[in-house]
Amino acid sequence: MPKAIFDKLAGALPKNLKVASRDLSPTVTETVVTGLLGVKLLKMTTSVVDGQKGKEITCTVEGKLKGRVQPMVDRFLAVVNRLKVIGTVDGKLVHNLYNPPMPSPAATRPFERKLRSLALGYVLPATATLSVTPACPCKCIHCSADRFITRQAKPLTTEELASVVDQALDLGVCTLIFTGGEPMARPDLYDQIARADKTRCHVMIFTCGAFLNEENVRRLKDAGLGSMNVSIDSDRPEEHDEFRRRPGTFQQAIDGAKLARRLGIMVGVSTYATHENITSGRLEHLVQIARDEGFHEITIFDCVPTGKFLRRPELILGRKDIMKVRELADRFNADAAAFGVTAQAKANAPDGGGCFGAFSQFYMTCYGDIDPCDFNPVTFGNVREKPLAEIWKTMVSHPEFSKHAMSCRMQSMRYRRLYIDPLAEEETLPVSIARLPGDGTILAKNQVAAK
């Protein structure tokens, strides 16, 4: 089919094209794209099959759009079938804890996102990271959310948060992450997880583990939680507890994670790489602990200067450290254990996905401010004042964020000079992007109001 015709069809997607997926069996999902009057334009059947190296994903494509869509599908399969399978859910393959198991209706949502992005002429988000509370039993010395906490606003109500979730799914999100603070400190968290449509999204939480008792874990499981990451800062329990300013937190995290795995929830570790723990071998030791404990995955974030460490750019990893983290991830991912390593050093690199912020992801503070990511303290609007779709379009239309950055902005000295260095220590964060002209200066609030 000529590209002009396909582009015309794609451009009509918001009004005239409909994408619907359903499970034909636990390991087979059918996706149908229809046009005007219900005319079928495309059918995709995604399945788990036995491949040369184990289970893999295959997809057959039929219909008028096949010629245009098949190359897209082939590229996707070439990537996904190189990934390590770290587990299964009802026969579906799990490659990491951030994406829906495959095949499933939720796992085909990126295809719909791609078509809608083509139609609209700008990219739509795949992941929403939503802070739901400022409350937390820990007082971490490195808290990335600390400077977002204020007494000048109240967290979103149950109804407001539910509306944001609905708007996010309508926008294209297929991975919904609840964080905090400590998300389990919010009483209606279980209800928010339960009401999220699991045919449209995978639900995940980040937790310190303090509230992972049997009653709460069963409630998470019953609500349909897909996965969780438990934060562990050090391979030494006493150091982890010191960083968190809360004795016993390391053991609570380990015990709570074990309970969650026993009850059928996939659990990972969330940690970060520093020059010290890389060169000392202690980061690798923590990875070994996570694997030997039975965790499904460990995520290694770079030590990004944000939150309490916003004024610590010297913490940004050097090239040699980045390469050591990448090598560590590759080595563990190459072995036969059903355990994966997701490293920001790879995921946000030019040969990975680049910077996710304002490209495939957004972050919301517990007060409703929409930022590119949870590390980036600039906001493009508040959901109490504008619809999420409008805020997202404003974000991806901004001169700085309309381009897909091929590495983490918050680790870019250029970006920090233009957008982070102007932020005074006493500023309440996040700061409106309207106050940041992108030349290394910041406007006063009354200057923005006058405009």
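The following paragraphs go through a sheet near the start of the chain numbering, the helices lying across it, a surface patch, and a buried strand, all in a predicted model.

The sheet is open and has four strands in the order 1-2-3-4, paired in the antiparallel sense. Its edges are formed by strand 1, residues 18-25, and strand 4, residues 54-62, each of which has a pairing partner on one side only. On average, neighbouring strands in this sheet are turned by 20 degrees against each other, with direction ignored. Pairing of this kind runs through backbone hydrogen bonds, and it may be parallel or antiparallel. Between strand 3, residues 40-51, and strand 4, the antiparallel pairing extends over nine bridges. One of the bridge partners can be named: Val49 is matched with Glu56 in strand 4.

Two helices lie across strands of this sheet. Helix 3, residues 66-80, lies across strand 3 and strand 4, and its direction makes an angle of about 175 degrees with strand 4. Helix 4, residues 109-120, lies across strand 1, strand 2 and strand 3, running at about 20 degrees to strand 2. Strand 2 itself covers residues 28-34.

The loop between strand 2 and strand 3 contains Leu37. Leu37 counts as exposed because its relative accessibility is 89%, and the cut-off for that class is over 50%. Together with Leu36 and Val39, Leu37 makes a nonpolar surface patch of about 360 Å².

Another exposed residue is found further along the chain. Gln152 is located in the loop that links strand 7, residues 127-131, and helix 5, residues 158-171. With 71% relative accessibility, Gln152 is classed as exposed. In sequence, Gln152 and Tyr367 are 215 residues apart, while their C-alpha atoms are 9.7 Å apart in space.

Strand 9, residues 202-207, has a contrasting setting: six of its six residues are buried, so the strand is largely enclosed by the rest of the structure. Buried here stands for under 20% relative accessible area. In a regular strand, side chains alternate between the two faces of the sheet. For strand 9, one side carries His202, Met204 and Phe206, the other carries Val203, Ile205 and Thr207, and all of these are buried, which leaves both faces covered. Strand 9 also runs parallel to strand 8, residues 175-179, and four bridges join the two. Within this pairing, Thr175 has His202 of strand 9 as its bridge partner.

Note on methods:
Residues are numbered from 1 along each chain as its sequence is written. This is a predicted model: local features need pLDDT of at least 70, side-chain atom pairs count only at pLDDT 80 or more; totals for chains, interfaces and linings use all residues. Side-chain values use heavy atoms; hydrogens and water are left out. Two strands pair if DSSP finds at least two bridges between them. Axes are lines fitted to C-alpha atoms, for helices over the stretch in contact, and angles run from 0 to 180 degrees between N-to-C directions. Contact means heavy atoms within 4.5 Å. Patches are made of residues with over 30% relative accessible area and no salt bridge: like charges are joined within 9 Å, nonpolar side chains (Val, Leu, Ile, Met, Phe, Trp, Tyr) within 5 Å. Accessible areas come from the Shrake-Rupley method with a 1.4 Å probe; for residues, only the protein chains shown count as cover. A salt bridge is a side-chain nitrogen of Lys or Arg within 4 Å of a carboxyl oxygen of Asp or Glu. Buried means under 20% relative accessible area, exposed over 50%, partly exposed in between (1.4 Å probe, protein chains only).
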